[in-house]
Amino acid sequence: MNPTDLDQLGARILQMADQLAAHSDQPDALTVAYLTPAHRAVAAGLQRWMREAGMQMHIDAVGNVVGRYAAADPTAPVLMTGSHFDTVRNGGKYDGRLGILLPIAVVSHLHARGERLPCHLEVVGFAEEEGLRFRSSFLASSALAGQFDAQLLDRADADGVPLRDAMRAAGLPATLESITALARDPQRLAGFIEVHIEQGPVLLERGLPLGVVTSIAGSLRMVATVTGVAGHAGTTPMAMRKDAAAAAAEMLLAIERRCSQAPTLVGTVGMLGVPNGATNVIPGRCEFSIDIRAGDDPTRDAAVSDVIAACEAIAAQRGVALELQRTMRVPCAPCAPALMDLLAQCVARAGVAPYRLPSGAGHDAMMIQRLTEVCMLFVRCGNGGISHNPLETMTAADAQLAAQVFLDFIRHVPGTPR
Ligand SMILES: [Zn+2]
C-alpha cells in the first residue's frame, strides 16, 4: 500500500491532519494562532510534505507556506489553491487544513506518476485567516490579493507584541515592501479553488459528500443600543415602563422572523446584554449585535432595511430610543460561473449529484476573489455539521471523493490565463 496511490489519498489526508493536530498553543485543545511556536511547527510539517510531493516550496513574507508544482509549459498560467492552517481557540483539525493537505496529497499522486498539469499549480497554506491573535481578517490572503492593510503591522496582540515584532521573531522580513511584493499578477492566474469542510449541516442532512459553492456570503454587522428608562422593578407599573431589554427582545424576534424569509438568508443576535443591569432594576439600556448574511447582496440588503425599519417601529411604539451603528459590511464574493460549472462536472463524474450551496462562512477565497476568479468545493462535515469545535469531523471516504474531484478539476482547468 503506497500513500501516493489514488485510492489511498483520503486516508493520507486524514492522517496528515491528525499529525498537524499534535501541534497546539494549548496542551488540551487545538489552538494555533499566527506565528506561535505551534504555528511554525505546522508550517514546517507542510513544508516537508510539499517537498516530498515534488513541489518547489518557500515561506513568503507573511508566513504563507507556498508550494509550486510546475506545468510542463513554463509559460502556462498559475492555478492557485489553498486554505488556512491557523485555527480558532479550541478548533477542529480539518477547518482550513483540508484545503492544503488535499492538494498536497493529490500532487504527490501526480508526481509519483510523473504527470504534469496544463497549469502551474500553486498550493498555498495561508498562515492566518481566523484573526485569533491580531484580530485581523484575511491577513495572509490579503497580501496575495494586494490588499494588505499596512496599519496591521503596528497592531499588538494580547501580550502587547506588535505584529511587526512577531514577524521578525519568526524570521520574516517584517517590512511593508516585502509584503506588498507578494501581490500576484492577475494576468498570470488561471483562477483559485479552495477545498473546505462545510462547517454546517446542509450536506450531511442531504446525504451528499460534496457541494459546489455558489458564493461566499458577506456579513453586514450592526451594534444596536436601546435606551429606555431605568426604574424600580417593584414600584413601576407595567404600563408605565420604558424597558430597554423588553424592546430589544421584541427586535430580536423581528430579526429572526425577517431573516427566515429567504433560503440563503440568515440573521443572528450573538451578543445581547444589559450593561450594569441588576435583578431589581428595569433595564434602562440594552445592547445587542446583529449579523445578517445571504448568498447575494440584494437579498441581504433588503433584509437589513426591513430589520432597521422593524426595530425603529418597535422603538417608537415602546417609547425607547434606538441607535444602530454599522460595524461591518463585506460584499458577497460570487464564485465564477465557468469554474463552478467545471467543478460541478467533476463532482458529477465522481458519481455525486452536483449540489450547489452558498457559503455562510467567510473563507480565503473571498479575499482572493478580488484578485482572480474563484470556486470552492465543500466537503461534508460530520457530527451534525459542527465546526470551530474539537468535535468537528469528516470521513476518509469523503476526503477520497474530494481528492478525486480536485484531481479531475486541475487536469481540466484551461491552461490559458482567464
Ligand atoms: Zn476555515
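A residue is taken as buried here if 20 or more other C-beta atoms lie within 10 Å of its own. That cut-off comes up several times below, and the model it is applied to is a predicted one. A handy place to start is Pro-358, which has 25 other C-beta atoms within 10 Å and is therefore buried. Pro-358 sits in strand β15, a run that covers residues 356-359. Leaving out neighbours within four places in sequence, the contacts of Pro-358 are Val-213, Thr-214, Ser-215, Ala-217, Thr-264 and Gly-295. One of these, Ser-215, is 143 residues away from Pro-358 along the chain, yet the two C-alpha atoms are just 5.0 Å apart.

Stepping back to the whole chain, there are 12 helices and 16 strands to keep track of. Of the 418 residues, 49% are buried. Looking at contacts with a separation of 6 or more, 77% link residues that are 24 or more positions apart. As for overall dimensions, the C-alpha atoms take up a box of roughly 80 × 50 × 40 Å along the principal axes. The radius of gyration is 24 Å, which agrees with the value near 22 Å for a compact globule of 418 residues.

Two helix pairs deserve a closer look. In one of them, helix α8 (residues 244-258) meets helix α9 (residues 297-318), with axes that come within 9 Å and cross at roughly 155°. An angle over 145 degrees counts as roughly antiparallel, so that is how α8 and α9 run relative to each other. Their crossing is right-handed. On the α8 side, the contact is built from Ala-247, Glu-250, Met-251, Ala-254, Ile-255 and Arg-258, while α9 brings in Ala-303, Asp-306, Val-307, Ala-310, Cys-311, Ile-314, Ala-315 and Arg-318. Sorted by class, the α8 and α9 contact has 10 nonpolar residues and four charged ones, with no polar residues.

The other pair is made of helix α10 (residues 337-349) and helix α12 (residues 396-412). Here the axes also come within 9 Å, and the crossing angle is roughly 135°, which makes α10 oblique to α12. The crossing of α10 and α12 is right-handed. From α10, the residues involved are Leu-342, Leu-343, Cys-346, Val-347 and Arg-349, and they meet Val-405, Asp-408, Phe-409 and His-412 of α12. In terms of class, the contact between α10 and α12 holds six nonpolar residues, one polar residue and two charged residues.

Finally, a word on the backbone. Most residues other than glycine have a negative phi. Leu-35 goes the other way: though not a glycine, Leu-35 has a positive phi of about 65°. Leu-35 belongs to the loop that joins α1 (9-20) and α2 (37-52). With 27 C-beta neighbours inside 10 Å, Leu-35 is counted as buried. Gln-199 is another residue that is not a glycine but has a positive phi, again of about 65°. Its loop runs between β5 (189-197) and α7 (202-206). Gln-199 has 20 C-beta neighbours inside 10 Å, so this residue counts as buried too.

Terms used. Residues are numbered from 1 along each chain as its sequence is written. This is a predicted model: local features need pLDDT of at least 70, side-chain atom pairs count only at pLDDT 80 or more; totals for chains, interfaces and linings use all residues. Axes are lines fitted to C-alpha atoms, for helices over the stretch in contact, and angles run from 0 to 180 degrees between N-to-C directions. Helices (H or I, at least four residues) and strands (E, at least two) are DSSP runs, numbered from the N terminus. Angles under 35 degrees count as roughly parallel, over 145 as roughly antiparallel, 65 to 115 as roughly perpendicular and the rest as oblique. A crossing is left-handed if the near helix is turned anticlockwise from the far one by less than a right angle, and right-handed if clockwise. Two residues are in contact if their C-beta atoms, placed from the backbone, lie within 7 Å. Ala, Val, Leu, Ile, Met, Phe, Trp, Tyr, Cys and Pro count as nonpolar, Asp, Glu, Lys and Arg as charged, and the others, Gly among them, as polar. The radius of gyration is taken over C-alpha atoms; the globule rule is 2.2 Å times the number of residues to the power 0.38. A residue is buried if 20 or more other C-beta atoms lie within 10 Å of its own, exposed if 12 or fewer, and partly exposed in between; C-beta atoms are placed from the backbone.
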